[in-house]
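This report walks through a protein model, from its overall make-up to a few individual residues. Please keep the sequence and the coordinates at hand while reading.

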Amino acid sequence: MPKGKGAKGTKVTLKIAKKAIRMTPDGRRRLTLCNMGITIFPKCLLKLTNVDELDLSRNLIQKLPDNIGNFSSLRGLDLHSNRLESVPESIGNLVGLTHLNLSNNRLTSAGLPSTLGFLSSLKSLNLGMNQLDTLPSTMVALESLQELGLFDNFFIKLPEFVTILRNLTKVNMKRNPLSYGQGDCEGMLNEKSEPEQDVYLVHESSLCRTCLKRCKEHRERLTRGGGGGGGDMFEDKRIRTYPGLMVPNSVATVNQDVWRIRNVEYKPIK
């Protein structure tokens, strides 16, 4: 059992960390230290050069060490449900990282470094349940990104790079104050903004020929303003379109998955 649990939280030693490492079914070394009341990131973990996945979720960590980028072996980093307000710039050195979960923290847009755009191998990024309204423009370089979670934040418009990344097929923007009059007028945003419900962004290559044709026809009707009548100017924008992306939920090849919920059995390292 971890030692020193008290006012300062659980103290994790290098010995404790080594004993907690398990081998996953796909041959990765995973260190799980979740839900242990940890308040300070254990710097001794940086000495573990053979760990592929690190789970420190559901703790009380407020700050990551400035040299977190020295953890170069990491392929997966789960820090959800802590108290992080910012991420150090050195995180951009984790170029082998494929999965990063920072959801349910206290992150602000000012606390996200531009070096996030250096994570060229990143496939899944979860930033949901924070206090974000913009993202670093450098994230346009995340060409490997496939899944992006931005739910429960303060976005009033979709980040522009989302429409550019070709491999990005899943974006969760639920419960953001998105406006259908994006960028038209600041006053309109305040008066007409309404919470986003379910929007699944799907690249054209993910649709069958029949569904792709149906979406294009629907988009053309919206562009022409079909449907007749006047009505509210925002009604014509209820279904938004993006270059190379299809929105209607019913024609997506896959639905929004529950974010990385997996029950796996681990076998101890001998």
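In which loop is Asp-152 found? Asp-152 is found in the loop between strand 7 (147-149) and strand 8 (170-172), and the backbone of this residue is taken up again further below.

## Overall make-up

The model is a predicted one, and its secondary structure comes to three helices and eleven strands. Read from the N terminus, the elements follow the order α-β-β-β-β-β-β-β-β-α-β-α-β-β.

Of the 270 residues in the protein, 45% are buried, and the protein exposes about 14,800 Å², of which carbon and sulfur atoms supply 48%. Among contacts with a separation of 6 or more, 46% are between residues 24 or more positions apart.

## The nonpolar core

The largest nonpolar core has 54 residues, and the residues with the most contacts inside it are Leu-31, Leu-45 and Leu-100. The largest share of this core, three residues, comes from helix 1 (residues 14-20).

Leu-45 shows what such a position looks like in terms of its surroundings: with residues up to four places away in sequence set aside, Leu-45 touches Ala-17, Leu-31, Leu-33, Leu-54, Leu-56 and Phe-71.

## Strands 1, 2 and 3

Strand 2 pairs with two other strands, and the directions are opposite in kind: strand 1 and strand 2 run antiparallel and are joined by three bridges, whereas strand 2 and strand 3 (residues 53-55) run parallel, also joined by three bridges. In the antiparallel pair, Met-23 has Arg-29 of strand 2 as its bridge partner, while in the parallel pair Arg-30 is partnered with Glu-53 of strand 3.

Strand 1 and strand 2 form a hairpin with five residues between them, and in its turn Gly-27 has a positive phi of about 85 degrees. Thr-24 is found in the loop between strand 1 (21-23) and strand 2 (29-32), and its side chain makes a polar contact of 2.2 Å with the side chain of Asp-26. Thr-24 counts as buried because its relative accessibility is 5%, below the 20% cut-off for a buried residue.

## Asn-105 and its surroundings

Asn-105 has its place in the loop between strand 5 (99-101) and strand 6 (124-126). With a relative accessible area of 7%, Asn-105 is therefore buried.

Leaving aside neighbours within four places in sequence, Asn-105 is in contact with Leu-79, His-80, Ser-81, Asn-82, Arg-83, Leu-84, Met-129 and Asn-130. Two of these contacts can be described further: a polar atom of the Asn-105 side chain lies 3.2 Å from the backbone nitrogen of Asn-82, and Asn-130, although 25 residues away in sequence, is 5.5 Å from Asn-105 when taken C-alpha to C-alpha.

## Positive phi outside glycine

Two loop residues other than glycine have a positive phi, with a value near 60 degrees for Arg-58 and near 55 degrees for Asp-152. Arg-58 lies in the loop between strand 3 and strand 4 (76-78), and Asp-152, as stated at the outset, is in the loop between strand 7 and strand 8.

Are these residues buried or exposed, or do they fall in between? Arg-58 has a relative accessible area of 40% and is therefore partly exposed, and Asp-152, at 25% relative accessibility, likewise counts as partly exposed.

How values were computed
Residues are numbered from 1 along each chain as its sequence is written. This is a predicted model: local features need pLDDT of at least 70, side-chain atom pairs count only at pLDDT 80 or more; totals for chains, interfaces and linings use all residues. Side-chain values use heavy atoms; hydrogens and water are left out. Helices (H or I, at least four residues) and strands (E, at least two) are DSSP runs, numbered from the N terminus. Buried means under 20% relative accessible area, exposed over 50%, partly exposed in between (1.4 Å probe, protein chains only). Contact means heavy atoms within 4.5 Å. Accessible areas come from the Shrake-Rupley method with a 1.4 Å probe; for residues, only the protein chains shown count as cover. A polar contact is a pair of N or O atoms within 3.5 Å; within protein, one must be able to donate a hydrogen and the other to accept it, and residues adjacent in sequence count only if both atoms are side-chain atoms. A nonpolar core is a set of buried Ala, Val, Leu, Ile, Met, Phe, Trp, Tyr and Cys residues joined through side-chain atoms within 4.5 Å. Two strands pair if DSSP finds at least two bridges between them.
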